[in-house]
Amino acid sequence: MKGCGLPIISIVGTSKSGKTTFIEKLIPVLKEKGVKIAVVKHHHGDFEFDRPGKDTYRHKEAGASTVILSAPRKLALVRDVELEPTLREIVDRYVEDVDLVIAEGFKKEENVKIEVFQYGSAMTPLAASDKGIKALITDREVAVKIPRFSMTDFQGVADFIFALLKDMPRPPSGKS
């Protein structure tokens, strides 16, 4: 399998908490350290990947269960599924040639999680009841017994992830 054993860090939080923005700014910090990253984003509803009128959209609308768009530097896949796959299944089937998978969402799965929490997006952090959350990124003081980072401490979170990766299972060298 492709991504078997790849470490996964889930960035979780309520809607509008700042997960996407934080991940967007964390990626360059990790990349600067030589880490190749895949991001898998969870969406609670259905989504449209393509635009009406485009060839791939027309193929999907015509009934194709899988449509792949290939270009010299990118590949996109849209595929029907009967049951939503787990994050690990997605990584194992579709992710390769990376060192780390950052998942946005997937808060119900049993992964190592870091929560982004801002007052206004929720009243209490998920970390108050989810023992899988190992750190909290927040804009205020919050009484939790896990490491806390500010919303702009991308280097601190990157260092925390590196420390976590020392204890996470890794694929054998040269294999993914």
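Lys16 counts as exposed in this predicted model, since its relative accessibility of 75% lies over the 50% cut-off. The residue is found in the loop between S1 and H1, and its backbone has a positive phi of about 70° although Lys16 is not a glycine. A second such residue is Asp97, where phi is near 60°, again a positive value in a residue other than glycine; Asp97 is found in the loop between H3 and S5. For background, most residues other than glycine have a negative phi.

From these two loops one can step back to the overall architecture. The protein has 4 helices and 8 strands, and read along the sequence these follow the pattern β-α-β-α-β-β-α-β-β-β-β-α. Of its 176 residues, 39% count as buried, while the accessible surface comes to about 11400 Å², with 52% of that surface belonging to carbon and sulfur atoms. Among the contacts between residues at least 6 apart in sequence, 59% join residues that are at least 24 apart.

The sheet comes next. In it, 6 strands form an open arrangement in the order S2-S5-S1-S6-S7-S8, and the pairing is parallel. S2 and strand S8 (148-150) stand at the edges, each with a single partner strand, so one side of each is left without a neighbour in the sheet. Neighbouring strands of this sheet are turned by 25° against each other on average, with direction ignored. Two of the pairings can be followed in detail. S2 and S5 pair in the parallel sense over 5 bridges, and here the bridge partner of Lys41 is Glu104 in S5. Strand S6 (residues 112-117) and strand S7 (residues 133-138) also run parallel and are joined by 5 bridges, with Ile114 standing opposite Ala135 in S7.

The edge strand S2 shows how its two faces are set apart. In a regular strand the side chains alternate between the two faces of the sheet. Along S2, Ala38 and Val40 point to one face and are buried, whereas Ile37, Val39 and Lys41 point to the other face and are not buried.

Helices lie across this sheet. Helix H3 (residues 87-94) lies across S1, S2 and S5, running at about 130° to S1. Within H3, Leu87, Ile90, Val91 and Asp92 are buried, and the buried residues of the helix pack against S1, S2 and S5. Helix H1, for its part, lies across strand S1 (8-12), S2, strand S5 (100-104), S6, S7 and S8, and runs at about 170° to S5.

H1 also takes part in an aromatic pair, one of the 2 aromatic pairs that the structure holds. Phe22 and Phe154 form a tilted pair, with 4.9 Å from centre to centre and 40° between the planes. Phe22 lies in helix H1 (residues 19-32) and Phe154 in helix H4 (residues 154-167), so the pair ties together parts that are 132 residues apart in sequence. Both partners fall under the 20% cut-off for burial: Phe22 counts as buried at 2% relative accessibility, and Phe154 counts as buried at 16%.

What surrounds His42, in the loop that follows S2? His42 is found between strand S2 (37-41) and helix H2 (55-61), and with a relative accessible area of 18% it is buried. Leaving aside its neighbours within four places in sequence, His42 is in contact with Glu84, Glu104, Gly105 and Phe106. With one of these, Glu84, the side chain of His42 makes a polar contact through the side chain of the glutamate, at 2.6 Å. Glu104 thus appears in two settings, as a contact of His42 and as the bridge partner of Lys41.

A last stop is Thr66, which lies in strand S3 (residues 66-70). Is this residue buried, partly exposed or exposed? Thr66 is partly exposed, with a relative accessible area of 35%. Its C-alpha atom is separated by 4.3 Å from that of Arg79, a residue 13 places away along the chain. Arg79 is also among the contacts of Thr66 when neighbours within four places in sequence are left aside, together with Leu77 and Val78.

Key
Residues numbered from 1 in each chain as written. Predicted model: local features only at pLDDT ≥ 70, side-chain atom pairs only at ≥ 80, totals over all residues. Heavy atoms only, no water. Phe/Tyr/Trp six-rings, centres within 6.5 Å; stacked < 30°, edge-to-face > 60°. Buried < 20%, exposed > 50% of the residue type's maximum accessible area, 1.4 Å probe, protein only. Polar contact = N/O pair within 3.5 Å; in protein donor to acceptor, adjacent residues only side chain to side chain. Contact = heavy atoms within 4.5 Å. Pairing = 2+ DSSP bridges. Axes fitted to C-alpha atoms, helices over the stretch in contact; angles between N-to-C directions. Areas by Shrake-Rupley, 256 points an atom, 1.4 Å probe, with all protein chains shown as cover.
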